[in-house]
Amino acid sequence: LAEVRRLFGASRDIRQLLVLHLLYDTGLRVRELVRLRVSDFDKHHQTITIHNSKGQKTRTVNYGLELRQTLCTYCKVLGYVPKNTLIESIKEPGQPLSKRGVQHIVKEAVRRSGLKKRIHPHTLRHTFAVHFLNFGESLFHLQQLLGHEHLTTTLHYLKYAKIPPQK
């Protein structure tokens with residue numbers, strides 16, 4: 001968790017922080033992140049509906065207070081609530097942030113943080129999964145959150161988790 005905090009602290013602005021939060025706090029794939037719209041967020045249930053995920057499925061993921069605060073700050077800094085895409089490209093206003101743009105944001109945050117590990121956007125998805133299991137959450141719930149069709153795909157994360165003993 002300390003390394004994740006360090007990475008968050010290395011973001012240059014609220015847009016970059018939002019990208020990092022979305023990847024880590026929800027376990028989204030990069031392709032899912034760049035397609036997000038504000039209308040996908042349900043602030044009452046604190047969920048995000050992911051449309052046309054891998055395999056053309058729709059799923060729902062939860063988000064916490066910290067991500068909600070980052071999202072609110074992001075909209076305040078923008079001065080408006082985005083209608084089409086949540087995070088726009090800086091180079092091409094009106095267009096969604098590209099997958100390469102997400103990769104660049106993560107790469108630069110890692111460089112500025114001083115972390116010596118190889119960290120890519122998908123690494124934050126893996127970190128989300130391992131931390132989810134470390135906090136004693138269900139493997140089946142993780143499977144749903146990640147959008148895995150087969151449990152065997154989700155089982156991969158068990159070898160990295162330090163699952164707390166059952167009471």
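**Exercise 1.** Find the salt bridge partner of glutamate 66 and place both residues in the chain.

*Solution.* Glutamate 66 forms a salt bridge with arginine 5; their closest N and O atoms are 2.7 Å apart. Glutamate 66 sits in helix 4 (residues 65-78) and arginine 5 in helix 1 (residues 2-9), so the pair, 61 residues apart, links distant parts of the chain. A salt bridge here means a side-chain nitrogen of Lys or Arg within 4 Å of a carboxyl oxygen of Asp or Glu. Helices (H or I, at least four residues) and strands (E, at least two) are DSSP runs, numbered from the N terminus.

The model is predicted: local features need pLDDT of at least 70, side-chain atom pairs count only at pLDDT 80 or more, and totals for chains, interfaces and linings use all residues. Residues are numbered from 1 along each chain as its sequence is written, and side-chain values use heavy atoms, leaving out hydrogens and water.

**Exercise 2.** Are arginine 59 and glutamate 32 buried or exposed?

*Solution.* Buried means under 20% relative accessible area, exposed over 50%, partly exposed in between (1.4 Å probe, protein chains only). Arginine 59 has 8% relative accessibility, so it is buried. Glutamate 32 has 5%, so it is buried. Their side chains meet in a salt bridge (2.7 Å, N to O). Arg29, Glu32 and Arg59 are linked in a network of salt bridges.

**Exercise 3.** Which residues form the covered face of strand 3 (residues 59-62)?

*Solution.* Arg59 and Val61 form the covered face. Thr60 and Asn62 form the uncovered one. In a regular strand the side chains alternate between the two faces of the sheet.
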